[in-house]
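Student: I would like to learn how to read the features of a model such as the one shown here, going from one strand outward. Could we take them in turn?

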Amino acid sequence: MKIRVLGCHGGELPDFRTTSFLINKRIILDAGAVTGVLNLKEQLAIEHVVLTHAHADHSRDTLFLADNVIGSNGKGFMLYGMPVVLKSIKQHLLNWHIWPDFTELPDKSNPVITMQEVESENTVVINGLEVTLCMVNHTVPAAGVLIDDGNNSVVFSSDTAPTDRIWELAAKKKNLKAVFIECSYPEEKKELALLSKHLTPALLRDEIKKIGRDTMVYVYHIKPQFYKRIIKELKQQHLPHIEAVKLNQVINI
Ligand SMILES: [Zn+2]
Ligand SMILES: [Zn+2]
């Protein structure tokens with residue numbers, strides 16, 4: 001499994017991009033940074049977009065990708081998410097006010113965006129990968145994602161405060177190779193982290209412990225204004241294998 005980091009921050013500033021991963025060149029996991037990063041050929045190669053939740057920092061480039069596809073006569077893409085997430089996208093973004101409804105364009109029988117609902121704890125097979133969504137603990141319905149290619153598996157936490165079920169599922173995966181986990185705020189902002197349903201470095205450590213064994217930990221969704229402090233505090237957690245992912249990093253699992 002080849003994972004390219006298109007965006008990995010919890011906010012946007014020059015040199016910081018919101019969350020998006022490209023998996024095996026055809027699958028986007030969260031669309032916070034797609035159209036400003038990939039060239040048109042790479043964008044037209046995308047067949048599947050999986051959204052963990054509807055927040056703009058994870059969903060917005062779905063809109064601009066659809067627009068680039070239709071303008072290039074591309075064949076469009078499948079959009080996956082929990083039913084409540086896809087309903088939000090349809091009602092609040094693809095509503096002809098914020099953006100045209102690309103689930104009906106260029107025509108209803110052959111649209112740019114085809115939505116496929118995936119219930120929490122259900123698995124869908126996408127280009128040979130088993131992709132399982134699992135509800136986590138955020139201010140809006142959000143799903144962490146487990147991806148298993150048959151040999152290796154990884155888990156993405158999505159945006160979450162302390163949560164349990166996704167780690168139970170991760171612990172059951174004997175072939176788990178890495179955990180991608182959010183860390184949005186430093187300890188000083190713990191109250192804000194819990195209010196907005198995110199993690200701090202110490203909360204992150206407690207989440208990782210729930211898996212019950214050593215695994216590679218990739219940290220993402222760090223808020224740009226707290227970047228240096230969070231990196232320092234992550235080091236203080238004494239987790240054996242941990243690093244913050246970087247823009248354009250390619251991780252082979
Ligand atoms: Zn969010
Ligand atoms: Zn977010």
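**Reading a sheet and its surroundings**

Tutor: Strand β12, residues 216–220, is mostly covered, since four of its five residues are buried. Please keep in mind throughout that this is a predicted model.

Student: Which strands pair with β12, and in what sense does each pair run?

Tutor: On one side β11 and β12 pair in the parallel sense over five bridges, and three bridges join β12 to β13, which also run parallel. To follow the register, note that Glu 182 stands opposite Tyr 220 in β12, while the bridge partner of Val 219 in β13 is Ala 244.

Student: How does the chain pass from β12 to β13, and what hand does the unit have?

Tutor: Helix α8, residues 227–235, belongs to that unit, and together β12, α8 and β13 make a β-α-β unit that is right-handed.

Student: What is the strand order of the sheet as a whole, and is the sheet open or closed?

Tutor: The sheet is open and has seven strands in the order β7-β8-β9-β10-β11-β12-β13, with mixed pairing. Its edges are β7 (123–126) and β13 (242–244), each of which pairs on one side only, and from one strand to the next the twist averages 20 degrees. At the β7 edge, four bridges join that strand to β8 (residues 129–135), and the two run antiparallel; there Thr 123 stands opposite Thr 132 in β8. Helix α5, residues 165–172, packs on the sheet, where it touches β8, β9 (143–148), β10 (153–156) and β11 (176–182), and its direction makes about 150 degrees with that of β8.

Student: Which residues have the most contacts inside the largest nonpolar core?

Tutor: That core has 72 residues, and those with the most contacts inside it are Ile 28, Val 50, Val 145, Val 155 and Val 219. Leaving aside neighbours within four places in sequence, Val 219 is in contact with Ile 181, Cys 183, Leu 234, Ile 242, Ala 244 and Val 245.

Student: Turning to a helix, which residues of α4 are buried, and why do they lie on the same side?

Tutor: The general idea is that an α-helix has 3.6 residues a turn, so residues three or four places apart point the same way. In α4, residues 83–92, the buried residues include Val 85, Leu 86 and Ile 89. These three lie on the same side of α4 because they cover an arc of only 95 degrees around the axis. Among the elements that cover the buried residues of α4 are α2 (56–59), α3 (61–71), β5 and β6 (113–117).

Student: Why does Tyr 80 count as buried or exposed, and which residues does Tyr 80 contact?

Tutor: Tyr 80 is found in strand β5, residues 77–81, and counts as buried because 24 C-beta neighbours lie inside 10 Å, where the cut-off for burial is 20 or more. Apart from neighbours within four places in sequence, Tyr 80 is in contact with His 48, Val 50, Leu 51, Gln 116, Val 118 and Val 124.

Student: How would the reasoning go for His 58, and how far is His 58 from Ser 158 in space?

Tutor: His 58 is found in helix α2 and counts as buried because it has 26 C-beta neighbours inside 10 Å. Not counting residues up to four places away in sequence, His 58 touches Thr 19, Asp 30, Ala 31, Gly 32, Leu 51, Thr 52 and His 53. His 58 and Ser 158 are 100 residues apart in sequence and 9.3 Å apart in space, C-alpha to C-alpha.

Notes. Residues are numbered from 1 along each chain as its sequence is written. Chains are lettered from A and ligands numbered from 1 in the order in which they are written. This is a predicted model: local features need pLDDT of at least 70, side-chain atom pairs count only at pLDDT 80 or more; totals for chains, interfaces and linings use all residues. A residue is buried if 20 or more other C-beta atoms lie within 10 Å of its own, exposed if 12 or fewer, and partly exposed in between; C-beta atoms are placed from the backbone. Two residues are in contact if their C-beta atoms, placed from the backbone, lie within 7 Å. Two strands pair if DSSP finds at least two bridges between them. Axes are lines fitted to C-alpha atoms, for helices over the stretch in contact, and angles run from 0 to 180 degrees between N-to-C directions. A crossover is right-handed if, with the strands pointing away from the viewer, the path from the first strand over the helix to the second runs clockwise. A nonpolar core is a set of buried Ala, Val, Leu, Ile, Met, Phe, Trp, Tyr and Cys residues joined through C-beta atoms within 7 Å. The arc is that of the directions from the helix axis to the C-beta atoms.
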